[in-house]
Amino acid sequence: MSATGIKVRMNHSTILNEQEKDVKINVQNLDLFYGEKQALFSISIDIFENEVTALIGPSGCGKSTFLRTLNRMNDLIDGVKINGTINIDNEDIYKSTDVIKLRTKVGMVFQKANLFPMSIYDNVAYGPKMQGIKSKKELNEIVEKSLRGAAIWDEVKDRLKTSALGLSGGQQQRICIARAIAMKPDIILMDEPTSALDPISTLKVEELIENMKKEYTIVIVTHNMQQAARVSDRTAFFLNGEVVEYDLTSKIFSVPSDKRTEDYITGRFG
Ligand SMILES: Nc1ncnc2c1ncn2[C@@H]1O[C@H](COP(=O)(O)OP(=O)(O)OP(=O)(O)O)[C@@H](O)[C@H]1O
């Protein structure tokens with residue numbers, strides 16, 4: 001137990017490897033406006049490869065907005081203006097115009113499972129088919145690999161042709177993760193992926209996230225402080241559109257530098 005009362009998973013690999021980590025996403029002086037209203041203020045952070053980075057903070061502080069800037073999902077909203085730069089693998093994603101390619105590289109999983117009303121198989125194969133993969137054998141392999149990667153293969157392997165909507169909420173969310181994996185992304189963004197799930201399904205998804213970071217860089221928005229402490233290597237604390245503190249999760253939850261971080265994680269506000 002830490003000084004703040006939140007149980008922190010000591011992540012020795014993070015600490016020992018600190019010097020060797022590569023920056024996957026570099027954000028510099030990022031401002032975002034919805035029309036006249038500024039929602040993000042001069043955000044500058046580095047997100048590291050093969051780590052889980054948690055974004056925490058009270059409702060309306062800009063976590064989801066920030067997450068959506070990482071694959072240009074805010075482009076879909078009228079009146080959004082962005083200043084600053086976001087480099088992914090040293091490439092400025094707001095200068096490169098291939099947004100489709102970007103969203104393939106940076107996948108996303110939402111709060112509520114948003115599966116299509118089709119079979120489990122077709123849900124997972126949909127993206128690869130859209131990318132032009134036609135070979136049945138290749139699609140079969142992608143579907144199996146993705147479902148295994150999302151730790152749900154054993155539960156669904158005998159019912160791949162049945163409707164995905166017949167699965168439980170927790171299973172549907174893991175199919176959504178499989179669907180993201182099927183696109184072979186480097187980065188997976190997760191916006192409160194367990195907030196609609198029961199504790200057992202939540203734990204399964206958390207275990208999955210922990211395993212997935214070997215292959216992917218994961219950025220997760222969560223309202224659940226214990227979850228951030230359990231699954232993430234680093235945590236950014238957002239408040240009123242600013243990043244107040246960004247550090248190793250073990251530090252944020254044991255000896256935060258800023259009084260506002262401490263007040264938030266100990267439940268004094270938010
Ligand atoms: N499409 C939009 N148009 C205008 N304002 C928006 C839009 N989306 C978000 N905002 C505003 O931007 C600010 C940040 O919202 P955002 O959803 O990013 O916060 P959040 O920290 O993710 O909140 P929550 O934890 O409640 O999901 C809020 O003031 C919100 O009202």
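A residue is called buried here if 20 or more other C-beta atoms lie within 10 Å of its own, exposed if 12 or fewer do, and partly exposed in between, with C-beta atoms placed from the backbone. Helices (H or I, at least four residues) and strands (E, at least two) are DSSP runs, numbered from the N terminus. The model is predicted, and for this reader the thresholds are that local features need pLDDT of at least 70 and side-chain atom pairs count only at pLDDT 80 or more, while totals for chains, interfaces and linings use all residues. Residue numbers start from 1 along each chain as its sequence is written.

**Strand 9 and its partners**

Strand 9 (residues 234-239) has 6 of its 6 residues buried, so it is largely enclosed by the rest of the structure. In a regular strand the side chains alternate between the two faces of the sheet. In strand 9 both faces are covered, with Arg234, Ala236 and Phe238 buried on one side and Thr235, Phe237 and Leu239 buried on the other.

Two strands are taken to pair if DSSP finds at least two bridges between them. Strand 3 (residues 52-56) runs parallel to strand 9 and is joined to it by 4 bridges, with leucine 55 standing opposite alanine 236. Strand 10 (residues 242-248) runs antiparallel to strand 9, to which 6 bridges join it, and its tyrosine 246 is the bridge partner of alanine 236. Strand 9 and strand 10 form a hairpin with 2 residues between them, and asparagine 240 in that turn has a positive phi of about 45 degrees.

**Positive phi in two loops**

Two residues other than glycine with positive phi are set out below, each with its loop and its count of C-beta neighbours.

| Residue | Phi | Loop | C-beta neighbours |
|---|---|---|---|
| Asparagine 90 | about 65 degrees | strand 4 (80-88) to strand 5 (91-92) | 8 within 10 Å, exposed |
| Lysine 184 | near 55 degrees | helix 7 (169-181) to strand 7 (187-191) | 17 inside 10 Å, partly exposed |

**The shell around the ligand**

A residue is counted as near a molecule if its C-beta atom, placed from the backbone, lies within 6 Å of it. The residues around the ligand are Tyr34, Ala39, Gly57, Ser59, Gly60, Cys61, Gly62, Lys63, Ser64, Thr65 and Ile77. Helix 2 (residues 63-69) gives the most to this shell, with 3 residues. By class the shell has 4 nonpolar, 6 polar and 1 charged residues, where Ala, Val, Leu, Ile, Met, Phe, Trp, Tyr, Cys and Pro count as nonpolar, Asp, Glu, Lys and Arg as charged, and the others, Gly among them, as polar.
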